Amino acid sequence: EKIEALVSGLPESLYSAWASCEDFARAHPLHGLTGRWKRCITVRTESEAEDAESEEERAELLAEAIAHRASMERCFGAIFPEKA
């Protein structure tokens, strides 16, 4: 319930939610709330990369976004498997 409340408050609750949501995502990588969290943090990190002040910072943020997106896609893939 705590994680659901934090995720529902995004993006306003982003910084207070970050650690709790990451802990939850590690413990429950295929839960729907993990997918919602990872979608939000992916978009946020990609946006921060666009505004990066250096190429090094941009590359670090994009690498982080790629990792978050991969987690999101694994989660949503498990929840909504494609029919072959």
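Two residues are in contact here when heavy atoms of theirs lie within 4.5 Å. With that in hand, let's walk through this predicted model, starting with the pair of helices that gives the longer list of names to look up.

On the H3 side, the residues that meet H4 are Gly32, Thr34, Gly35, Arg36, Lys38, Arg39, Ile41, Thr42, Thr45, Glu46, Glu48 and Ala49. Their partners in H4 are Arg58, Leu61, Leu62, Glu64, Ala65, His68, Arg69, Ser71, Met72, Cys75, Phe76 and Ile79. Sorted by character, the residues of this contact come to 9 nonpolar, 7 polar and 8 charged.

Now for the geometry behind that list. Two packed helices are described by the angle between their axes and the distance between the axes. For H3 and helix H4 (residues 55-79), the angle is about 155° and the axes are 8 Å apart. Angles over 145 degrees count as roughly antiparallel, and so H3 is roughly antiparallel to H4. The crossing of H3 past H4 is left-handed.

Thr42 is a good residue to select while you look at this part of the model. It is found in helix H3, and because its relative accessibility is 0%, Thr42 counts as buried. Setting aside neighbours within four places in sequence, Thr42 is in contact with Ala65, His68 and Arg69.

Let's turn to the other side of the story, helix H2. The axes of H2 (residues 14-27) and H3 (residues 32-50) come within 10 Å and cross at roughly 130°. That angle makes H2 oblique to H3. Here too the crossing is left-handed, with H2 passing H3.

Which residues in H2 meet H3? They are Leu14, Tyr15, Trp18, Cys21, Glu22, Phe24 and Ala25, and on the H3 side you will find Leu33, Thr34, Trp37, Lys38, Ile41, Arg44 and Glu48. The residues of this contact divide into 9 nonpolar, 1 polar and 4 charged.

Aromatic rings deserve a stop of their own, and the structure holds 2 aromatic pairs. One of them is formed by Trp18 and Trp37, edge-to-face, with 6.0 Å from centre to centre and 75° between the planes. This pair links distant parts of the chain, since Trp18 sits in helix H2 and Trp37 in helix H3, 19 residues apart. Are these two rings' residues buried or exposed? Trp18 has 26% relative accessibility and so counts as partly exposed, while Trp37, at 1%, counts as buried.

Phe76 and Phe80 also pair: their ring centres are 6.4 Å apart and their planes stand at 45°, so this pair is tilted. Phe76 counts as partly exposed because its relative accessibility is 23%, and Phe80, at 59%, counts as exposed.

Finally, step back to the whole protein. It has 4 helices and 0 strands, so to speak an α-α-α-α run of elements from the N terminus on. Along its principal axes, the C-alpha trace spans about 40 × 35 × 20 Å. Of the 84 residues in the protein, 32% are buried. As for contacts between residues at least 6 apart in sequence, 51% join residues at least 24 apart.

Conventions: Residues numbered from 1 in each chain as written. Predicted model: local features only at pLDDT ≥ 70, side-chain atom pairs only at ≥ 80, totals over all residues. Heavy atoms only, no water. Axes fitted to C-alpha atoms, helices over the stretch in contact; angles between N-to-C directions. Helix = DSSP H or I, 4+ residues; strand = E, 2+ residues; numbered from the N terminus. Parallel < 35°, antiparallel > 145°, perpendicular 65-115°, else oblique. Left-handed = near helix turned anticlockwise from the far one by under 90°. Nonpolar A, V, L, I, M, F, W, Y, C, P; charged D, E, K, R; others polar. Phe/Tyr/Trp six-rings, centres within 6.5 Å; stacked < 30°, edge-to-face > 60°. Buried < 20%, exposed > 50% of the residue type's maximum accessible area, 1.4 Å probe, protein only.
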